[in-house]
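These notebook entries record what I looked up, in the order in which I looked it up. I begin with charged pairs, then turn to the sheet, the RNA and a few single residues.

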Amino acid sequence: MPYQVPRGMRDILPVEIGRWQALEQRIRALAERFGFRELRTPVVEHTEVFARTSGEESDLVQKEMYTFTDRGGRSLTLRPEGTAAVMRAYIEHGGSSWPQPVKLYYIAPMFRYDRPQLGRYRQHAQFGAEIVGVPGPEADAEVIGLPIRLMQSLGLAQVEVRLNSIGDPVCRPRYLEALRDYFSRYTDALCADCRRRLQTNPLRILDCKEEGCHRIAREAPTIYGYLDAACREHFEGVQAHFQALNIPFVLDPFIVRGLDYYTRTAVEVYSGKLGAQNAMFGGGRYDGLAEQLDGPPTPGVGFGLGLERLLLVLEQEGLPIPAVEAAPTVFVVAVGGAARREAIRLVDELRQAEIAADRDLLNRAVRAQMRHADKLGARVALILGDAELATREATLRMLATGDERRVPLAQVTSAVAAIVDGRP
RNA sequence: GUGGCCGUAGCUCAGCCUGGUAGAGCGCCUGGCUGUGGCCCAGGAGGUCGCGGGUUCAAGUCCCGUCGGUCACCCCA
């Protein structure tokens, strides 16, 4: 085995690409029906774009970034998440002067240096969408409704949406103080990570999975008593709009999100079919993000959804997406040099008529050519030999039934077009 | 970054315990059918047994290391 793909990365082979293409097509159609337009950003950004926005304390920055120095001495990082890059592009190109609000989506690879396991890869694909420029809760419901409707349209009926508010820079500090007060009484019982988080980010203690920490966290004060009027009003607005959209959700005060830029709304959706890596999508509001990138104050809300995980869940639920097929309509089988030359011309003519056509390139026996036509899933075999050439005809064989008839060469394309249209 | 399990043909796996000439099914190619696919039959190609070291007369098999996969932890999509 001379070379292998880098750890945690994978090749998507032709036998499975049809599912990816089908999923991506559906996503694009749905996102655009929702009024989102695609934004493509480079796969790398200046490291600070992620380091400053996600937070120095976040796991993403601490241990998951693919960072390198380019030949000019710049520190660049392979995009570990989409939102910061979208906001960087929005600010750079003067998004505030575009028709407001701005609704953007992306389907793009993300890179995180992590230990691989089922549903977790060092390169994975995410579908994400953002609404920039709307401070009110209608945008939260609008953008989070998108992946919900996507999953429903794929047949995932009961997805559980876990919703929370983590406050904003006005009210969250008071809550963090309350958490510090509370957890300080139990420092001996907290794990080492959480003792550190007590100083750096006590919110994160809330979703620590350590048994001891978890037990203590369960009794911790929730943020609900600390949200100020504006945050509470926003939170209630999001819930009201979810209800109006008939999106079921549960309130979960332990959803805190791993990145620092989130404000107010935080959501995560899980599947029981994914083992330990069970998050399907996550997202929230990030009203302070633009300023962290030295841009003007700009509200935003969005999500990121893991495509590998979505495909895995669909597979395990017995709901595979019908793959995009790439079978030729016509396979031209040629016997002999003159027929081969005619086949080259005929295949080209069919292709110019927008009919998928293919032929043998290995100079193989008729039998092998027929076998190949069958394996490719062609609907029609066009057989060209001396007998046909003598009368300027081709034998048109329907592979499903074995029915055959002779067609003049000049009428082959229209005959095949008729078959494609369902007129045999 | 920590721990458990697993690496033999393109794929799924047997052989390992008890060291002694590397196997099966599927897939691929060819032929049976010299101009007709699927089904069937026959043949062929394809492997430094993940890699490196050690023990031994002899290692796919035993030991150590390493890389990769997988599951769990951390955390996330």
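Are Asp287 and Arg285 buried or exposed? I looked up both, bearing in mind that the model is predicted. Asp287 and Arg285 are both buried. I then checked their side chains and found that they meet in a salt bridge, with an N to O distance of 2.9 Å.

**Entry 1: salt bridges**

I searched the whole structure for salt bridges and obtained 23. The background to this search is that side chains of opposite charge can pair when their charged atoms come close.

I next took the pair Arg264 and Asp168, which form a salt bridge with the closest N and O atoms 3.5 Å apart. Arg264 belongs to strand S9 (residues 263–270), whereas Asp168 sits in the loop between strand S7 (160–165) and helix H6 (172–184), so this pair ties together parts that are 96 residues apart in sequence. I noted that Arg264 and Asp168 are both buried.

A further salt bridge joins Arg257 to Glu268, and here I read 2.7 Å between the closest N and O atoms. Arg257 is in the loop between strand S8 (249–251) and S9, and Glu268 is in strand S9, so the parts tied together are 11 residues apart in sequence. What is the relative accessibility of Arg257? I found 17%, and Arg257 therefore counts as buried, since the limit for that class is under 20%. Glu268 is buried as well, at a relative accessible area of 13%.

I also recorded a network of salt bridges that links Glu342, Arg345, Glu349 and Arg392.

**Entry 2: the sheet and a hairpin**

I traced an open sheet of eight strands with mixed pairing, in the order S1-S5-S6-S11-S10-S9-S7-S8. Its edge strands are strand S1 (37–38) and S8, each of which pairs on one side only. Within the sheet I followed S9 and S10, which pair in the antiparallel sense over six bridges. Tyr270 stands opposite Ala279 in S10.

I then examined strand S15 (residues 393–398) and S16, which pair in the antiparallel sense over five bridges. In this pairing Arg397 stands opposite Glu404 in S16. The hairpin of S15 and S16 has five residues between the strands, and I noted that Gly402 takes a positive phi near 85° there.

**Entry 3: RNA strand B**

How many residues surround RNA strand B? I found 52, the closest being Arg112, Leu118, Arg120, Glu388 and Leu399. I sorted the residues of this surface by type and obtained 13 nonpolar, 15 polar and 24 charged.

I then asked which elements supply the surface. Helix H3 (59–63), strand S6 (123–132), strand S10 (279–285), strand S11 (300–306), helix H13 (366–376) and helix H14 (386–390) each give at least two residues. H13 provides the largest share, seven residues.

On the RNA side, I looked at the atoms of strand B within 4 Å of the protein: 54% belong to sugar or phosphate, and the rest to bases.

I listed three close atom pairs.

- Ala279 has a backbone N or O atom 2.6 Å from a sugar or linking oxygen of RNA strand B.
- Ala387 has a backbone N or O atom 2.7 Å from a base oxygen of RNA strand B.
- Glu404 has a side-chain N or O atom 2.7 Å from a base nitrogen of RNA strand B.

Two of these residues recur from the previous entry: Ala279 stands opposite Tyr270, and Glu404 stands opposite Arg397.

**Entry 4: Pro408 and Thr329**

I located Pro408 in strand S16 (residues 404–408). Pro408 is partly exposed, with a relative accessible area of 31%. Leaving out residues up to four places away in sequence, I found that Pro408 touches Arg392 and Glu393. Arg392 also appears in the salt-bridge network noted above. I checked one long separation: the C-alpha atoms of Pro408 and Gly225 are 83 Å apart, with their positions 183 residues apart along the chain.

Where does Thr329 lie? I placed Thr329 in the loop between helix H11 (307–316) and strand S12 (330–334). At 15% relative accessibility, Thr329 counts as buried. Beyond its neighbours within four places in sequence, the residues in contact with Thr329 are Ile355, Ala356, Ala378, Arg379, Val380, Val416 and Val420.

Definitions and conventions. Residues numbered from 1 in each chain as written. Chains lettered and ligands numbered in written order. Predicted model: local features only at pLDDT ≥ 70, side-chain atom pairs only at ≥ 80, totals over all residues. Heavy atoms only, no water. Salt bridge = Lys/Arg side-chain N within 4 Å of Asp/Glu carboxyl O. Helix = DSSP H or I, 4+ residues; strand = E, 2+ residues; numbered from the N terminus. Buried < 20%, exposed > 50% of the residue type's maximum accessible area, 1.4 Å probe, protein only. Near = heavy atom within 4 Å. Polar contact = N/O pair within 3.5 Å; in protein donor to acceptor, adjacent residues only side chain to side chain. Nonpolar A, V, L, I, M, F, W, Y, C, P; charged D, E, K, R; others polar. Contact = heavy atoms within 4.5 Å. Pairing = 2+ DSSP bridges.
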